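Colleague: I would like a close look at a single part of this model, namely the place where the two chains meet. Could you take me through that part slowly, in a way that a first-year student can follow?

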Number of protein chains: 2
Amino acid sequence: MADRPRVVIVGAGFGGLACARKLDGAPVDVLLLDRHNYHLFTPLLYQVATGLLNPSDIAYPLRAVFRRSRNVRVREATVENVDLGRRVVRLSGGATLPFDYLVLASGSVDNYFGNQAVAQVSIGLKALEDATRLRNHVLTCLERADAETDQATRRALLTFVVVGGGPTGVECSGALAELMDIVAGKDYHQVARDEIKIILVEGGDRLLNAFSPHLGHYAQRVLARRGVDIRTRALVKGADARSVTLADGTMIACGTIIWSAGVRPNDAVTDPSIPRLRNHRINVDPWLRVPGASGVYAIGDVASPQVAKQGELPMLSPPAMQGGRYVAETIVDEVRGLQLERPPFHYLDKGTMATVGRNAGVTHLPGGLEFTGFIGWLTWLFVHIYYLIGFRNRLSALGSWAWGYLRHDRPIRIILAASNGQEE
Amino acid sequence: MADRPRVVIVGAGFGGLACARKLDGAPVDVLLLDRHNYHLFTPLLYQVATGLLNPSDIAYPLRAVFRRSRNVRVREATVENVDLGRRVVRLSGGATLPFDYLVLASGSVDNYFGNQAVAQVSIGLKALEDATRLRNHVLTCLERADAETDQATRRALLTFVVVGGGPTGVECSGALAELMDIVAGKDYHQVARDEIKIILVEGGDRLLNAFSPHLGHYAQRVLARRGVDIRTRALVKGADARSVTLADGTMIACGTIIWSAGVRPNDAVTDPSIPRLRNHRINVDPWLRVPGASGVYAIGDVASPQVAKQGELPMLSPPAMQGGRYVAETIVDEVRGLQLERPPFHYLDKGTMATVGRNAGVTHLPGGLEFTGFIGWLTWLFVHIYYLIGFRNRLSALGSWAWGYLRHDRPIRIILAASNGQEE
């Protein structure tokens with residue numbers, strides 16, 4: 001066993017997890033590293049933030065995935081840096097892990113484009129802690145507003161600004177509107193529904209830029225009908241704890257800023273000779289290999305080949321998962337001594353989808369087929385439940401959805417302070 | 001509406017909530033204050049800490065309880081002090097709330113009997129944050145041990161000391177043992193089950209002092225069979241981050257100390273003229289009135305009458321709930337101008353129960369009837385599910401139990417850091 005090639009995978013998101021699962025049972029020793037002890041289904045974070053799902057519905061313990069595996073081991077660890085020259089991964093705390101093969105799959109973090117002021121006061125939707133923090137924050141704003149008599153303060157507490165009109169921003173705005181329908185005037189008797197403003201700010205000229213104009217406009221109509229104030233061609237310039245300022249000078253008093261306007265790759269490779277795209281993704285070759293470092297691959301949000309035909313890969317879960325499986329196959333072929341010429345990685349676009357909330361989704365299939373409305377929503381729902389890890393999580397999420405749908409409820413409206421007892 | 005008597009209830013635990021529910025619809029304006037926005041079912045906190053239940057299964061939003069109420073309002077607030085002379089409740093933040101009737105129901109907190117060193121490093125089981133903190137902590141100890149080669153450090157990380165052999169300590173030890181059976185050698189491949197020590201420390205000469213010796217010995221046998229090391233007649237004298245020291249000088253290296261050895265009343269009445277029992281509970285009269293302050297009542301853990309026949313009331317949920325309803329009836333009678341002589345409060349003991357884990361519970365009924373084993377466990381389970389607030393929470397908890405029971409699983413094994421990103 002000791003002389004089997006050692007594969008280290010950095011990050012257990014969609015890409016790293018798919019790679020590790022594909023390597024389960026292969027003649028290699030795999031070590032899967034992540035700074036959390038769970039795989040997180042990030043596309044549903046906003047459902048945790050808005051009280052429909054429990055954190056445990058979308059977070060699956062990594063060690064549970066590989067309980068029965070003989071060759072995949074998991075370790076919760078923060079990677080300090082990746083030294084491609086010495087071929088080791090250094091963990092914070094000092095441990096160094098040598099590798100024969102390395103798969104960089106550490107994903108992305110929120111990108112505030114250098115605007116520290118905005119970063120300081122915004123809440124993103126990339127980590128589970130973001131979602132629970134946002135839930136605490138939104139409910140705390142409502143609690144405060146319910147007891148507040150000063151009109152300006154009330155207005156700010158009851159204004160929620162969502163930045164970025166992609167799927168995350170659209171879905172989050174829709175879910176927030178649903179939550180407000182449930183609680184305004186009911187849980188919070190002193191807060192009227194029409195006092196609450198949800199403002200969706202998008203830099204481009206329409207929502208869901210990655211979808212067809214038809215779908216983008218559909219989402220826009222549905223959200224507007226549900227009371228979301230949509231501002232297109234609007235860029236955020238600055239922010240503080242009580243307001244956000246747009247590029248055209250408009251100042252919006254608000255107590256909550258949710259950031260979904262961009263992400264940037266998050267990797268621990270410091271070697272300056274590694275080629276990168278303008279957005280800092282590692283510019284891997286068409287076989288997803290990091291140039292100049294043998295046996296080192298990079299997949300998902302941290303990397304993209306730049307090929308003439310397909311362009312850059314989108315920072316979404318499907319290319320990450322497909323890349324993870326592709327790299328695993330490459331490694332297995334090589335370890336088994338197969339001298340086959342591998343075809344370059346080809347990303348198979350199976351379509352994209354988003355939901356605007358209850359009964360309203362948009363689905364785009366590669367052939368050009370599009371669904372909206374109830375069918376779009378149902379497709380979205382079942383695809384998302386299907387991709388959750390673990391039977392129990394699927395069951396639990398489906399149960400929560402059924403409850404929420406039938407009862408018009410988002411029941412998990414608890415403000416659960418951090419374990420140090422501090423709320424925001 | 002404005003001239004209806006104003007009832008302020010401090011604390012929405014079992015007593016305060018029962019009182020507010022009984023006053024729902026009565027000709028009074030009720031304000032229910034709690035430092036959290038939920039009612040917490042504290043007896044099941046250890047199930048959250050050991051990965052069987054979600055926080056939201058045992059925490060129910062208070063505003064959801066009173067959504068449809070016309071006269072009960074809820075406010076998340078920390079009470080700074082209660083001024084019985086001026087008849088106001090002062091909130092932290094400065095607001096003062098006048099009252100016509102006041103019900104003190106703020107419960108209890110962990111009692112470390114002045115031992116700051118022990119308080120510093122122990123984790124209690126009184127608040128929801130305690131439970132999530134304990135879950136994070138236990139899983140983090142296992143994560144670290146899995147990667148640790150130093151034997152002394154491993155031993156400490158894998159030793160879990162539970163202090164106090166009452167129901168909480170017994171239930172928590174049993175659940176911890178179950179969790180360890182599930183994960184040792186499976187999730188954590190480098191950790192063998194017999195490396196893990198769970199030590200239950202009790203000052204008296206047996207477990208479950210409030211039950212009959214027969215039940216206490218049964219619990220002891222079951223826990224011992226499940227691998228819990230029980231030390232009776234052992235008192236904790238000191239502790240630091242790596243060990244606990246007993247009164248006889250024994251030092252136990254451990255990374256986790258769970259405190260369930262006592263609670264003390266937690267109220268914000270500063271008036272020194274209020275009579276108190278030796279354990280600081282307010283010594284209310286047989287009608288649960290605070291002597292010397294008209295219209296002021298105290299119920300649950302913060303107070304007890306000291307009557308010859310019944311002695312002091314136990315610090316458990318049933319006397320709190322019964323006291324809450326009794327006081328609500330008293331207030332309604334008085335507001336309605338009924339000149340009836342109220343009978344003194346009489347606590348009806350319906351029995352006590354505890355579980356030692358899977359298929360093993362103890363139930364004591366007032367007639368002297370006792371159950372152990374599967375029947376004791378089933379009784380315990382259904383009584384606890386019945387007393388959860390809300391149909392959804394009951395459904396969800398029952399579902400989690402069924403899953404855990406049938407699959408031998410405690411699936412919520414996620415380390416969810418605080419919203420500030422800090423783990424312990």
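Modeller: What follows is a walk along the interface, then a short visit to a few places elsewhere in the chains. Please keep in mind throughout that this is a predicted model.

Let us begin with the extent of the interface. On one side, 42 residues of chain B take part, and they are in contact with 43 residues of chain A. The size of an interface is often given as the accessible area lost when the parts come together. For chain B and chain A that buried area is about 4,200 Å², and carbon and sulfur atoms give 52% of it.

Next come the polar and charged links. Between chain B and chain A there are 20 residue pairs in polar contact, and 6 salt bridges are found across the interface. Several elements of chain B give two or more residues to the side that touches chain A, among them helix H3 (55-58), strand E4 (59-61), helix H4 (62-65) and helix H12 (391-407). The most is given by H6(B), with 8 residues. If the residues on this side of chain B are sorted by kind, they divide into 20 nonpolar, 8 polar and 14 charged.

Among the individual salt bridges, Arg63(A) is a good residue to follow with your eye. One salt bridge joins Arg63(A) to Glu143(B), with the closest N and O atoms 2.8 Å apart. Arg63(A) also forms a salt bridge with Asp146(B), and here the closest N and O atoms are 3.3 Å apart. Because Arg63(A) lies in helix H4 (residues 62-65) of chain A while Asp146(B) lies in helix H6 of chain B, this pair joins two chains. How buried are the two partners? Arg63(A) has a relative accessibility of 5% and so counts as buried, and Asp146(B) is buried as well, with a relative accessible area of 15%.

A further salt bridge links Arg67(B) with Asp187(A), whose closest N and O atoms are 2.8 Å apart. This pair also crosses between chains, since Arg67(B) sits in the loop between H4 and E5 of chain B, and Asp187(A) in the loop between helix H8 (167-183) and strand E13 (197-201) of chain A. Asp187(A) has a relative accessibility of 2%, and therefore counts as buried. Elsewhere, a network of salt bridges links Arg67(A), Asp187(B), Asp409(B) and Arg413(B). Over all chains, the structure holds 38 salt bridges.

Let us now leave the interface as a topic and look at some buried places, starting with strand E12 (residues 159-163) of chain B. All 5 of its 5 residues are buried, so this strand is largely enclosed by the rest of the structure. Thr159(B), Val161(B) and Val163(B) point one way from E12(B), whereas Phe160(B) and Val162(B) point the other way. E12(B) pairs in the parallel sense with strand E13 (residues 197-201) of chain B, over 5 bridges, and in this pairing Val163(B) stands opposite Val201(B).

In chain A, helix H1 (residues 14-23) can be read in a similar manner. Of its 10 residues 8 are buried, so the helix is largely enclosed by the rest of the structure; the buried ones include Phe14(A), Leu17(A), Cys19(A) and Leu23(A). Just after H1(A) comes Gly25(A), which takes a positive phi of about 95 degrees.

Arg281(A) shows how a charged side chain can be placed inside a chain. This residue lies in the loop between strand E19 (263-265) and strand E20 (296-298) of chain A, and it is buried, with a relative accessible area of 1%. A polar atom of the Arg281(A) side chain lies 3.2 Å from the backbone oxygen of Gly300(A), and the backbone oxygen of Asp301(A) lies 3.0 Å from a polar atom of that side chain. Beyond its neighbours within four places in sequence, Arg281(A) is in contact with residues including Pro265(A), Glu312(A) and Met315(A).

One last backbone detail is worth your attention. Most residues other than glycine have a negative phi, and most peptide bonds are trans. Leu288(B), however, has a phi near 65 degrees, a positive value. Leu288(B) is found in the loop between strand E20 (282-284) and strand E21 (296-298) of chain B, and at 2% relative accessibility it counts as buried. His408(B), in the segment after H12 of chain B, likewise has a positive phi, near 50 degrees.

Notes. Residues numbered from 1 in each chain as written. Chains lettered and ligands numbered in written order. Predicted model: local features only at pLDDT ≥ 70, side-chain atom pairs only at ≥ 80, totals over all residues. Heavy atoms only, no water. Helix = DSSP H or I, 4+ residues; strand = E, 2+ residues; numbered from the N terminus. Buried < 20%, exposed > 50% of the residue type's maximum accessible area, 1.4 Å probe, protein only. Polar contact = N/O pair within 3.5 Å; in protein donor to acceptor, adjacent residues only side chain to side chain. Contact = heavy atoms within 4.5 Å. Buried area = accessible area lost by both parts, 1.4 Å probe. Salt bridge = Lys/Arg side-chain N within 4 Å of Asp/Glu carboxyl O. Nonpolar A, V, L, I, M, F, W, Y, C, P; charged D, E, K, R; others polar. Pairing = 2+ DSSP bridges.
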